Amino acid sequence: MLFGCIHVPDFPVQAALRVDSKASFKADAVAVMDGPESQLKVFACNRAARRAGINPGMTKAQAEACPEVTLRKRVVEQEESAQSALLDCGYGFSPRVESTFPGTITIDLTGTERLLGPQTKIGRQLAQRAEACGFGANIALAANPDATLHAARGFTGITVIPPGEEGRRLACLLIEVLQLEAEILDALDSWGIRDFKALAALPTIPLTQRLGQHGLHLQRLARGEVQRELVPAEPTIAFRESMELEEAVELLEPLAFVLNRLLEQVAARLVARSLATDHVQVDLGLEAHVDRQLRTGPVLAAPALLHQRTLKLPVPTQDAKVLLKLLQLDLAAYPPQAPVKKVIVEAFPAHIRFGQGGLFQPLAPEPQKLEITMARLRATVGEKDEQGRDRVGFPAVIDSHKPDSFQVLPFDAERKEAKKCPPTTPKTRFVLRLFRPPLAARVELSRNVPAAVMFSGRRIRVKNASGPWRSSGSWWDKAGAWQREEWDVELKMNSGTGVYRIFRELPSGQWFVEGMYD
Amino acid sequence: MASIAVIRAQIEHRLPGALRASGHAARETFPTGIAALDRQMGGIPQSVLTQICIPGGMVSGKTTMLVSLMAQLTRREHFCALVDVSDCFDPVSAEAAGADLSRVLWVRCGDKKHKLKPLEQAFRAADILVQNGGFGLIAVDLGNIEERHIRKIPLTTWFRFARVVEKMPTALVFLTTYPAAQSCAGLTLHMAGVEPCWAGSGTVPHAQSLVEMKFELEVRRTQLRKPMQSVRQKFAAAPVWA
């Protein structure tokens, strides 16, 4: 049996600092306050804050007496997402992960040595994974869950306890590591029991007589002998990170720093679970200012309190930089209407797609890079045209007789087989070059055949004409019905000859030049 | 009197490589599907800026050549990008001409509400596409833009594009009304003139149809083959409905 434990000391502080790029857990003195607004008290603090004189339970006024300590309000949402992130670290190693306490998880690593290597190596990997998720954690590995828990609580860094040595290695730990009720702690203190060694050495029967079965259990814990069943947590698939800002952000640039930090955390959690995302939702909580006109006093309409943006990608990604760039471009196009007070990033997981490139296949644009390119192109040329068709994408011809029927679909550079073509080289075909929208024209007819076309301020004689080619459609729909008469005309101009397609809209009789054969 | 061989040896000694064709000669090309051009040049070169010039934006076969090139590339599983300044690309006839449109990224400029002018949009879009890489062909269609606007594009812009594309296996093709890229272009083609061929009775227009168009093509400038011989060639194209 092998169990691993990741314990995050001062978890509320680390959870608050995890998404904050400005403060450092080790260097800065930080205290987390909790309680009603008028009775805020120190809920947790880090070592630097303790050195500065801060202790849990101090009032806000007392804590503010230490100017070097940064005070933060406790956000339970942040702690929940930090705990989820911690569990994601564990799921990267084993499917049996227990959420033991807030800031502490226990992992069943039995049988993973052959896959992950020796125990010291597993310990290092756990530490690295926790660090990638933004935690400075203590790691312990031992043969039973409680021994790993106490070793992780009591020793800093990575601790590996070989089987059978639990009692000897845990002996030096202070009795506070057991996190006992005050009553039992007082009793043990009055007997002079200060550490695990002293508790383990107590005679069993007198201890049971005084403290009952609980006392016996405590002694077995101190000896590292308790074998219990792990209670695995139900794996969640929510990858959600949030941050409440102390001061509302108005500009997109500082907001990008916040988004970057949150996206990095989401990406690290996705990596830990070997997942990617193709759908990211960003909720920006806005600080609404309701303006009231002086004297008359009507309350003007308040802006929406939530600005929601969604990114959908054709290819799942784990790259936080790609997501950030796409979000920046999206927010530049659709900025929030008020200063941002809260940011929530949620990634919906998808499986990573693996592709095998062929040696003889030509180069293709990188899917993730292409997504940014598409967003930049949309920002450059616009999103939609007058008909509501996309301005960037690949054209797909609609199965219709209506002229110029096409849609523009999102382009993706997935490797797909080229269309089957005949083995012989096909003949070169001349194509139409359209005027979009068609140019209004006037046409002189001679015996119902175009004799001259006037458009763009010129009158051009028709040398040859072919037509009329009549077509119609959507007659059942009054708004969409169309009917027209097409002609291919050869026009003799000063600059040379040109063959154009002209058409007449039959209900109105208006002539247009649709394009030229070029 | 020194023989040519001696003079050649002396020049080679003083200026190594002066009489040798430049290294660009070995560049790979993409066939255009137009036999006249493929025979003479091998097609449109990779890693080079190519300009196809059409004076006055007249009917000349420029779009036919571009679509034919796209059809050849997409058939070889390459991806193409088309920056369409005047939004004049016709997907229906391009598909009928053999282009696999699912491999064509179409960038339609000309949004009147946008702060940038279509020409500026086109160059910025081309820049973004060149930076992305991975495309076999990046074509910028400036065929409807007036010559006076094309002349205003600084030479440094063309030079930058030529230098960037030099290291990429991409053919960068500009359709313009004026050969503004000058020496930055590795290949300059001029297209002019068209001869439509009609079949059927001239008196009954409904019985008459366009069966072929002949276009004229001239290689004006190339860094790929020296000495360059400017030869006018004609190529024929059939209608998509034939």
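The side chain of Thr104(A) makes a polar contact with the side chain of His7(A), at 2.9 Å. This distance, like everything below, comes from a predicted model. Thr104(A) belongs to strand S6 of chain A, which covers residues 104-108. In chain B, strand S6 spans residues 137-141, and five of its five residues are buried.

**Surroundings of Thr104(A)**

- Thr104(A) counts as buried because its relative accessibility is 2%, and the cut-off for buried is under 20%.
- Apart from neighbours within four places in sequence, Thr104(A) is in contact with Cys5(A), Ile6(A) and His7(A), as well as Gln83(A) and Leu86(A).
- Glu98(A), Ser99(A) and Leu149(A) complete the contacts of Thr104(A) counted in this way.

**Domains of chain A**

- The domain assignment gives domain 1 of chain A as residues 3-223 and domain 3 as residues 432-517.
- Domain 2 of chain A is assigned in three pieces: 253-287, 306-352 and 366-394.
- The centres of domain 1 and domain 3 of chain A, taken over C-alpha atoms, are separated by 81 Å.

**Strand S6 of chain B and its partners**

- In a regular strand, side chains alternate between the two faces of the sheet.
- Both faces of S6(B) are covered.
- On one side of S6(B), Leu137(B), Ala139(B) and Asp141(B) are buried, and on the other side Ile138(B) and Val140(B) are buried.
- S6(B) runs parallel to strand S4 of chain B (residues 80-84), and five bridges join the two.
- Within this pairing, Ala139(B) in S6(B) is the bridge partner of Leu82(B).
- Strand S7 of chain B (residues 171-176) is also joined to S6(B) by five bridges, and these two strands run parallel.
- Here Leu172(B) in S7(B) stands opposite Ile138(B).

**Nonpolar cores**

- The largest nonpolar core holds 67 residues.
- The members of this core that touch the most other members are Val453(A) and Tyr500(A) from chain A, with Leu37(B), Met70(B), Leu137(B), Leu189(B) and Met213(B) from chain B.
- Helix H3 of chain B (residues 62-75) supplies the largest share of this core, seven residues.
- A second, separate core has 44 residues, among them Leu142(B), Trp158(B), Ala162(B) and Phe174(B).
- Not counting residues up to four places away in sequence, Leu189(B) touches Leu37(B), Ile44(B), Gln51(B), Ile52(B) and Cys53(B).
- On the same count, Leu189(B) also touches Met65(B), Leu217(B), Glu218(B) and Val219(B).

Technical notes
Residues numbered from 1 in each chain as written. Chains lettered and ligands numbered in written order. Predicted model: local features only at pLDDT ≥ 70, side-chain atom pairs only at ≥ 80, totals over all residues. Heavy atoms only, no water. Core = buried A, V, L, I, M, F, W, Y, C linked by side-chain atoms within 4.5 Å. Buried < 20%, exposed > 50% of the residue type's maximum accessible area, 1.4 Å probe, protein only. Helix = DSSP H or I, 4+ residues; strand = E, 2+ residues; numbered from the N terminus. Contact = heavy atoms within 4.5 Å. Polar contact = N/O pair within 3.5 Å; in protein donor to acceptor, adjacent residues only side chain to side chain. Domains from an automatic or database assignment. Pairing = 2+ DSSP bridges.
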